[in-house]
Amino acid sequence: MSEATWPAILLIADKSDETIVVEGLLAPLASACVTVGTVDEASEVARDREVGLAIAVAVGASTEPARRCLEICACEALRTTPVLALVPDDISPQETAAIYSGGAVDCIPWPAEASVLHSKVMTFLDLQRSRVELRRNAEELERAEQQSRDYIQQLEEMIHRTNQMALEADMASLQLEQIFNTASDGMWIIGEGNEVLRINQA
């Protein structure tokens with residue numbers, strides 16, 4: 001899969017200067033970046049397109065950083081999507097632990113170096129891309145196996161019908177032979193040498 005086909009990055013952030021900076025840092029990456037302001041908007045995006053990574057920007061958020069990240073991690077539409085949290089550099093260890101416990105794959109203190117953010121984002125995108133490819137390959141394999149099972153079933157049904165037709169033909173031949181052999185009057189045919197032959201018993 002080429003970089004151009006990588007899943008999108010979903011940026012969940014309040015409108016702030018920090019959000020503009022993060023968008024600028026993510027711009028050079030291959031994946032498209034979609035910015036939303038609420039968890040509901042994030043759910044809509046995740047239902048409509050393949051999202052490779054969700055970034056919860058908890059810097060300058062209107063709610064507490066840990067609470068903001070936990071709300072995003074709890075989003076059902078993002079259940080299979082890794083969530084990366086950008087948090088204030090003065091966040092407490094207890095809040096960081098709560099964010100990890102809530103399902104975030106990593107916490108990056110803000111402000112962060114562009115190289116650090118790029119490395120983290122690309123790592124998680126690559127992992128998610130691999131998971132998506134594995135899932136699609138598994139689905140294709142399941143479809144192929146189902147087609148094989150359907151073909152075998154059709155073949156077995158065809159063999160059964162053929163055997164049934166052969167059996168019915170044998171029974172009809174036997175019944176016809178019995179009719180010929182039990183007939184009181186002679187049944188005659190002209191043979192290949194123009195001879196007259198009796199085909200039932202005398």
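# Exercises on cysteines, strands and topology

With a relative accessibility of 5%, Cys 75 counts as buried, the term being reserved for residues under 20% relative accessible area, with exposed meaning over 50% and partly exposed in between (1.4 Å probe, protein chains only). The model is predicted, with local features requiring pLDDT of at least 70 and side-chain atom pairs pLDDT 80 or more, while totals for chains, interfaces and linings use all residues. Residues are numbered from 1 along each chain as its sequence is written, and side-chain values use heavy atoms, leaving out hydrogens and water.

**Exercise 1.** Determine how many disulfides a search of the whole structure finds, and state why Cys 75 has no bond to Cys 73.

*Solution.*
- Step 1: apply the criterion, a pair of cysteine sulfur atoms within 2.5 Å.
- Step 2: the search over the whole structure returns 0 disulfides. Cys 73 accordingly belongs to none, and its nearest cysteine sulfur, in Cys 69, is 6.4 Å away.
- Step 3: for Cys 75, the closest cysteine sulfur is that of Cys 73, and because the separation is 9.9 Å, the two are too far apart for a bond.

**Exercise 2.** Classify Cys 73 as buried or exposed, and give the percentage of residues in the protein that count as buried.

*Solution.*
- Step 1: the relative accessibility of Cys 73 is 15%, so this residue counts as buried.
- Step 2: the protein has 202 residues, of which 32% count as buried.

**Exercise 3.** State how many helices and strands the protein has, and in what pattern they follow one another.

*Solution.*
- Step 1: take helices (H or I, at least four residues) and strands (E, at least two) as DSSP runs numbered from the N terminus.
- Step 2: the count gives 5 helices and 7 strands.
- Step 3: reading along the sequence yields β-α-β-α-β-α-β-α-β-α-β-β.

**Exercise 4.** Describe strand S5: its burial, its pairing with S4 and the handedness of the crossover from S4.

*Solution.*
- Step 1: S5 spans residues 106–110 and is mostly covered, with 4 of its 5 residues buried.
- Step 2: strands pair if DSSP finds at least two bridges between them. S4 (residues 83–88) and S5 pair in the parallel sense over 5 bridges.
- Step 3: one bridge contact can be named, since Leu 84 has Asp 106 in S5 as its bridge partner.
- Step 4: from S4 the chain passes through helix H4 (residues 93–102) to S5, and this β-α-β crossover is right-handed, meaning that, with the strands pointing away from the viewer, the path from the first strand over the helix to the second runs clockwise.
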